[in-house]
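This report walks through one model in three parts: a pocket, a sheet with its helices, and a set of charged pairs. Please keep the sequence and the structure in view while reading.

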Amino acid sequence: MIITIDGYIATGKSSVAKKLAEAIGFIFFDTGAMYRTLTYGLLKHHINFHNEEDLKKFLDSFDMDVKIYRRERLYFYEDEDVTDKIRSREVTEAVSEISANKAVRDKLILLQRELSVGVNAVFEGRDMGTVVFPNAELKIFLIGRNEIRAKRRFDEIVQKYPEQAKNLTLEQCLEDINRRDHYDSTRENSPLVQPKDAHVIDTSDLSLDDVVNKILESHASLT
Ligand code: C5P
């Protein structure tokens with residue numbers, strides 16, 4: 001069975017997907033981390049992704065690895081642990097434009113479908129229920145009020161990446177999430193849109209457990 005969770009930035013997608021997957025014994029895939037790792041690789045090798053030939057060469061050999069350590073996921077690129085590096089400001093600033101590229105999406109969509117074969121999994125991202133797994137058994141779409149999402153993202157950066165938080169304000173955070181959400185929602189390839197058959201959950205005033213429980217109820221009604 002495949003469950004998809006799509007939605008806007010800082011609606012809690014990753015935390016919800018992780019907790020849900022643990023509750024029902026499914027594997028969990030954070031596809032944003034895949035786009036971030038690919039972006040990191042392009043930046044690392046100073047590849048101009050507008051150059052089709054260079055991009056193709058890079059994509060043909062692109063690979064990444066995920067390892068679970070103490071219940072946390074670690075992301076590896078060329079044997080380097082990039083778990084923190086893919087959350088850097090450079091990667092965050094570049095990832096949306098790179099994710100909008102068709103060749104990039106084709107590569108990662110293929111990888112995501114390969115990962116789904118023969119497993120029960122929760123896939124979290126932007127186009128999981130619309131493009132990658134249109135036949136998923138359960139589709140969730142998370143939304144939330146802008147100010148709440150900005151505050152959540154701000155608090156997360158302060159807590160996890162204090163270096164990055166030094167010159168960051170709440171207003172900048174709000175601007176950044178609005179910019180990325182707008183870009184993701186209006187791009188030509190696989191835009192972020194609500195799947196018609198998705199259960200929509202506004203997470204603004206809900207705890208993580210509340211959201212997971214709502215999804216578990218929908219899941220229980222399917223099984
Ligand atoms: O989820 P996260 O914010 O880490 O994702 C980083 C970026 O990757 C998003 O802003 C979006 O541009 C891109 N992305 C995407 N499709 C997905 C997952 C992420 O385009 N399925």
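## A pocket and its lining

The second largest pocket has a volume of about 210 Å³. Of the 14 residues that line this pocket, those closest to its centre are Phe-29, Met-34, Met-64, Val-66 and Leu-115. As this is a predicted model, the pocket is a property of computed coordinates. Several elements contribute to the lining, with β2, β3 (65-69), β4 (72-77) and α5 (102-116) each supplying at least two residues. Which strand gives the largest share of the lining? That share, four residues, comes from β2.

## The sheet and the helices that pack on it

Strand β2 also belongs to an open sheet of five strands, whose order is β2-β6-β1-β7-β8 and whose pairing is parallel. The edge strands, each of which pairs on one side only, are β2 (27-30) and β8 (199-202). From one strand to the next, the twist averages 20 degrees. As a general matter, strands of a sheet pair through backbone hydrogen bonds, in either a parallel or an antiparallel manner.

Within this sheet, strand β1 (residues 2-7) and strand β6 (residues 121-125) run parallel and are joined by five bridges. A register point for the reader to locate is Ile-2, which stands opposite Ala-121 in β6.

Two helices can be placed against these strands. Helix α1 (residues 13-24) lies across β1, β2, β6 and β7 (138-143), and its direction runs at about 165 degrees to β1. Helix α2 (residues 31-44) packs on the sheet as well, where it touches β2 and β6, and its direction makes about 45 degrees with that of β2.

## Charged pairs

Side chains of opposite charge can pair when their charged atoms come close. The structure holds 22 salt bridges, and the table gives some of them, with the separation taken from N to O.

| Pair | N to O distance |
|---|---|
| Asp-184 and Arg-126 | 3.6 Å |
| Asp-155 and Lys-151 | 2.9 Å |
| Arg-180 and Asp-176 | 3.8 Å |

Why does the pair of Asp-184 and Arg-126 tie together parts that are apart in sequence? Asp-184 lies in helix α9 (residues 170-186), whereas Arg-126 lies in the loop between β6 and α6 (128-132), so their salt bridge ties together parts that are 58 residues apart in sequence. Buried here means under 20% relative accessible area. Asp-184, at 4% relative accessibility, therefore counts as buried, and Arg-126, at 15% relative accessibility, counts as buried too.

The pair of Asp-155 and Lys-151 sits within one element, since both residues lie in helix α7 (residues 146-160), four residues apart, which is about one turn of the helix. Are these two side chains buried, exposed or partly exposed? Asp-155 is partly exposed, with a relative accessible area of 34%, and Lys-151 is partly exposed at 41%.

Arg-180 and Asp-176 are likewise four residues apart, about one turn of the helix, and both lie in helix α9. Arg-180 is buried, with a relative accessible area of 4%. Elsewhere in the list of charged contacts, salt bridges that share partners join Lys-44, Glu-78, Glu-80 and Lys-85 into one network.

How values were computed:
Residues numbered from 1 in each chain as written. Predicted model: local features only at pLDDT ≥ 70, side-chain atom pairs only at ≥ 80, totals over all residues. Heavy atoms only, no water. Pairing = 2+ DSSP bridges. Axes fitted to C-alpha atoms, helices over the stretch in contact; angles between N-to-C directions. Contact = heavy atoms within 4.5 Å. Salt bridge = Lys/Arg side-chain N within 4 Å of Asp/Glu carboxyl O. Buried < 20%, exposed > 50% of the residue type's maximum accessible area, 1.4 Å probe, protein only. 1 Å grid on protein atoms, 1.4 Å probe; cavity = no way out; pocket = protein on both sides within 12 Å on 5 of 7 lines; lining within 4 Å. Points joined across faces, edges and corners; volume = space filled by probe spheres on them.
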